[in-house]
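Colleague: Could we go through this model together? I would like to take it topic by topic.

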Amino acid sequence: MPSRPFNREDHVFHSTAFAETIREALDFLADSPTHALPPPAMFYGTGVYALYYMGNFPHYRPIAEANRMKLTQPIYVGKAVPPGWRLGRTTGVSLRALFGRLREHARSIEQVKNLAVNDFSCRFMILDGEESNLISTVEAALIRAYLPLWNTAVDGFGNHDPGSGRYDQAPSEWDTLHPGRSWAMKLRGRAPSYENIVAKIARTL
């Protein structure tokens, strides 16, 4: 069967409806209620979330000031997906993945020496059923829209314990800036320069 001459535009998919759906999702999250970190009640579901900082850590002062009157600048955006999500084999929405992720972040912050979990608030959006297919897309759109510091300039907040036998790696930038997570204290690799991290934050903010 003869083929047409190659034209890139024949392969480019455009959807104004999809773009509008993403804008609608971002607006929904921005207008959703804020809660303490972690939220005061357990809930089921997967989705995306944003963390907001309002404390006195000196290098984060511009973020805290931006959030003083209204929470508008997240310091971190993340997602919680159901098991089997990467392989397209999810197990439903009766999971506490999103709540568990927020609680995990609260525990990380509680362990460090120079942050207080009471200085954080969160927003979250539950994406169940077919909407769960939007989780990664919405997370990426939020990061592009807000450029959260812990997503773009300070790496490592979302890291997990690498497990026994894998502690030769270096601490992350986040753990160098905020020491105290029990598993991160076991890492034996050379830590990044504190001064370089601070300089990068200053350039970013």
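**Notes on the model**

Modeller: Let us begin with one residue: Thr137 is found in helix H4. Helices are DSSP runs of H or I with at least four residues, strands are runs of E with at least two, and both are numbered from the N terminus.

Colleague: What kind of model is this, and how are residues numbered?

Modeller: It is a predicted model, in which local features need pLDDT of at least 70 and side-chain atom pairs count only at pLDDT 80 or more, while totals for chains, interfaces and linings use all residues. Residues are numbered from 1 along each chain as its sequence is written, and side-chain values use heavy atoms, with hydrogens and water left out.

Colleague: Back to Thr137, then. What does Thr137 touch?

Modeller: Leaving out residues up to four places away in sequence, Thr137 touches Phe18 and Ile22; contact means heavy atoms within 4.5 Å. Thr137 is partly exposed, because its relative accessible area is 27%. The classes are buried under 20%, exposed over 50% and partly exposed in between, with a 1.4 Å probe and protein chains only.

Colleague: And how far is Thr137 from Ser172 in space?

Modeller: They are 25 Å apart, C-alpha to C-alpha, with their positions 35 residues apart in sequence. Another pair is Pro82 and Ala116, 34 residues apart in sequence and 29 Å apart in space, C-alpha to C-alpha. Pro82 lies in the loop between S3 and H3 and counts as buried because its relative accessibility is 5%.

Colleague: What about Ser132 and Gly47, in sequence and in space?

Modeller: Ser132 and Gly47 are 85 residues apart in sequence, yet 6.8 Å apart in space, C-alpha to C-alpha. Ser132 sits in the loop between S4 and H4, and Ser132 is buried, with a relative accessible area of 11%.

Colleague: Changing topic: how many helices and strands are there, and in what order?

Modeller: The protein has 7 helices and 4 strands. From the N terminus, the order is α-β-β-α-β-α-β-α-α-α-α. The C-alpha trace spans about 65 × 40 × 35 Å along its principal axes.

Colleague: How much of the protein is buried?

Modeller: Of its 205 residues, 40% count as buried. Among contacts with a separation of 6 or more, 69% are between residues 24 or more positions apart.

Colleague: Which residues touch the most other members of the largest nonpolar core?

Modeller: Tyr60, Ile75, Leu115 and Trp150 do, in a core of 33 residues. A nonpolar core here is a set of buried Ala, Val, Leu, Ile, Met, Phe, Trp, Tyr and Cys residues joined through side-chain atoms within 4.5 Å. H3 gives the most to this core, with 5 residues.

Colleague: Which residues does Tyr60 touch?

Modeller: Not counting residues up to four places away in sequence, Tyr60 touches Tyr53, Ile75, Leu115, Leu149, Trp150, Leu177, His178 and Ile201. There is also a second, separate core of 16 residues, which includes Ala25, Leu26, Ala50 and Leu127.

Colleague: Is His105 in helix H3 buried or exposed?

Modeller: His105 counts as buried, because its relative accessibility is 1%. Apart from neighbours within four places in sequence, His105 is in contact with Tyr49, Leu51, Tyr76, Phe157 and Gly158.

Colleague: On to pockets. What lines the largest pocket?

Modeller: Its lining consists of Thr21, Glu24, Ala25, Phe28, Met125, Ile126, Leu127, Glu131 and Leu134. H1 provides the largest share, 4 residues. A pocket is an open set of points on a 1 Å grid over the protein atoms alone where a 1.4 Å probe fits, with protein on both sides within 12 Å along at least five of seven lines; lining residues have an atom within 4 Å of a point.

Colleague: What is the volume of the largest pocket?

Modeller: It is about 160 Å³, where volume is the space filled by probe spheres set on the points, which are joined across faces, edges and corners.

Colleague: Finally, the backbone. Which peptide bond is cis?

Modeller: The bond from Leu37 to Pro38 is cis, with omega near -5°. Pro38 is in the loop between strand S1 (35–36) and S2.

Colleague: And what is the phi of Leu147?

Modeller: Leu147 has a positive phi of about 45°, although it is not a glycine. Most residues other than glycine have a negative phi. Leu147 lies in the loop between helix H4 (135–146) and H5, and Leu147 counts as exposed at 54% relative accessibility.
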